[in-house]
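Thanks for coming. I will go through one structure this morning, and you can follow it on the screen as I talk.

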Amino acid sequence: MRLTVLGRSPASPNPGEACAGYLFEGGGARVLVDIGPGVVAQLVRRHHPDELDAVVVSHMHADHMLDLVTLRYVYPWRAIPKEQRLRVIMPPGSADQLLDLASGVGNARHFEDCFRLAEHDGSTALAIAGLSISPIRTQHFVPCWGFRAEADGGRLAYTADTGPCAALDDLADAADLLLSEATLRSLDEDALPPEPRGHLLPAEAGAAARSGGAKRLMLTHLPADGNGDWARVQAAEAYGADVEIAEPARTYQVGD
Ligand SMILES: [Zn+2]
Ligand SMILES: [Zn+2]
């Protein structure tokens, strides 16, 4: 399998970077996972969206889905035959929000005539050609699902946005690569008790990768702060091995 980082920035944008957007390629499929602001501009440097088999969205925060609005403008303003439309797989229960978003940008049919919209059910694996993508519910401020992607004997797991939770063990389990958010510099930046947590410190990403048995850990969704060395060092200490930082525009081999 291959992972390409189109964007990694959290909601408060890092200079010159797109928000969350990752290409997963394997099993004869190419899937865009998350589509935050700036991601489409990075995508079209490499691929026409027709070269995607699907777009899959982890949750309805702007930094993970707002460029769906932009993606629509790649297509002409006429209805595309249903079977030719790009498959867009949204989180369960998001249809009304998407309709609100469409109305908010001036056309309730903004998405309908060019995308094949569907929701996943929160647990059943999506089969996209030979690529299997299993949603795993994480702990976040809104309903959010990370994904375990498997193809060609490789396993790539993506936490999406999450606080510390049992799902991380599940995601890290036997992952050839765990792509983990590490959005916090300190716990002061997360929800304060008694509110449930919604993001991870780098050290927490490292601890999760270690306890779940991930073979490789890559941090993403970091706030702009130098080259991320501070996060890498903290995560590596907890993980017990070297940790990578997801670099925009880089492609990584996952598994053999
Ligand atoms: Zn986010
Ligand atoms: Zn979020």
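Strands 11 and 12 pair in the parallel sense over 4 bridges, with strand 11 covering residues 177–181. One of the residue pairs to look for is Leu179, whose bridge partner in strand 12 is Met218. Before going on, note that this is a predicted model. These two strands belong to an open sheet of 7 strands, in the order 7-8-9-10-11-12-13, with mixed pairing. At the edges stand strand 7 (126–128) and strand 13 (244–245); each has a single partner strand, so one side of each is left without a neighbour in the sheet. As a general reminder, strands of a sheet pair through backbone hydrogen bonds, in a parallel or an antiparallel way.

Strand 12 comes up again with helix 7. Which residues of helix 7 are buried? They are Ala231, Ala235 and Tyr239, in a helix that runs over residues 229–239. Looking down the axis of helix 7, the buried residues fall within an arc of 55°, so they line one face of the helix. In general, an α-helix has 3.6 residues a turn, so residues three or four places apart point the same way. Val233 and Glu237, on the other side of helix 7, are exposed. The cover over the buried residues of helix 7 includes strand 12 (217–220) and helix 6 (202–212). Just after helix 7 comes Gly240, with a positive phi of about 85°.

Helix 4, residues 95–104, can be read in a similar manner. Its buried residues include Leu98, Leu101 and Ala102. Down the axis of helix 4 the buried residues fall within an arc of 100°, so they too line one face. The face turned away from that buried side carries Asp96, Asp100 and Gly104, which are exposed. What do the buried residues of helix 4 pack against? The partners are helix 2, helix 3 (68–72), strand 5 (86–90) and strand 6 (115–119). After helix 4 comes Gly106, and its phi is positive, near 105°.

Now the metals. The zinc ion (ligand 1) is coordinated by Asp63 (OD), His64 (NE2), Asp161 (OD) and His221 (NE2), at 2.1 to 2.2 Å. Why is the arrangement around this ion called irregular? The 4 donor atoms subtend angles of 85 to 154°, and a tetrahedral label would need all angles to lie between 85 and 135 degrees. Along the chain, the donors of ligand 1 follow the spacing D-H-x96-D-x59-H. Distant parts of the chain are linked here: Asp63 sits in helix 2 (residues 62–65) and His221 in the loop between strand 12 and helix 7, 158 residues apart. Asp63 and His221 are both buried.

The zinc ion (ligand 2) has the protein donors His59 (NE2), His61 (ND1), His140 (NE2) and Asp161 (OD), lying 2.1 to 2.3 Å from it. Its 4 donor atoms subtend angles of 89 to 169°, which again makes the arrangement irregular. The spacing of the donors of ligand 2 along the chain is H-x1-H-x78-H-x20-D. His59 lies in the loop between strand 4 (54–56) and helix 2, and His140 in the loop between strand 8 (131–137) and strand 9 (145–151), so the pair ties together parts that are 81 residues apart in sequence. His59 is buried, at a relative accessible area of 0%, and His140 counts as buried at 12% relative accessibility. The two zinc ions are 3.6 Å apart, with Asp161 bridging them.

One residue next to this part of the chain deserves a mention: Arg8, which touches the zinc donor His221. Arg8 is in the loop between strand 1 (2–7) and strand 2 (21–26). Is Arg8 buried or exposed? It counts as buried, at 15% relative accessibility. A polar atom of its side chain lies 2.7 Å from the backbone oxygen of Ala246. Beyond its sequence neighbours, the contacts of Arg8 include Tyr22, Thr220, Leu222 and Pro248.

Last, Asp169, in helix 5 (residues 167–172). Asp169 is partly exposed, with a relative accessible area of 39%. Leaving out residues up to four places away in sequence, Asp169 touches Ala208, Ser211 and Gly212. Asp169 and Ala207 are 38 residues apart in sequence, and their C-alpha atoms are 9.8 Å apart in space.

Note on methods. Residues are numbered from 1 along each chain as its sequence is written. Chains are lettered from A and ligands numbered from 1 in the order in which they are written. This is a predicted model: local features need pLDDT of at least 70, side-chain atom pairs count only at pLDDT 80 or more; totals for chains, interfaces and linings use all residues. Side-chain values use heavy atoms; hydrogens and water are left out. Buried means under 20% relative accessible area, exposed over 50%, partly exposed in between (1.4 Å probe, protein chains only). The arc is that of the directions from the helix axis to the C-beta atoms. Contact means heavy atoms within 4.5 Å. Donors are N, O and S atoms within 2.8 Å of the metal (3.2 Å for Na, K and Ca); water is not among the atoms, so sites may look incomplete. Four donors count as tetrahedral if all angles lie between 85 and 135 degrees; four count as square planar and six as octahedral if opposite donors are over 155 degrees apart and all others between 65 and 115; anything else is irregular. A polar contact is a pair of N or O atoms within 3.5 Å; within protein, one must be able to donate a hydrogen and the other to accept it, and residues adjacent in sequence count only if both atoms are side-chain atoms. Two strands pair if DSSP finds at least two bridges between them.
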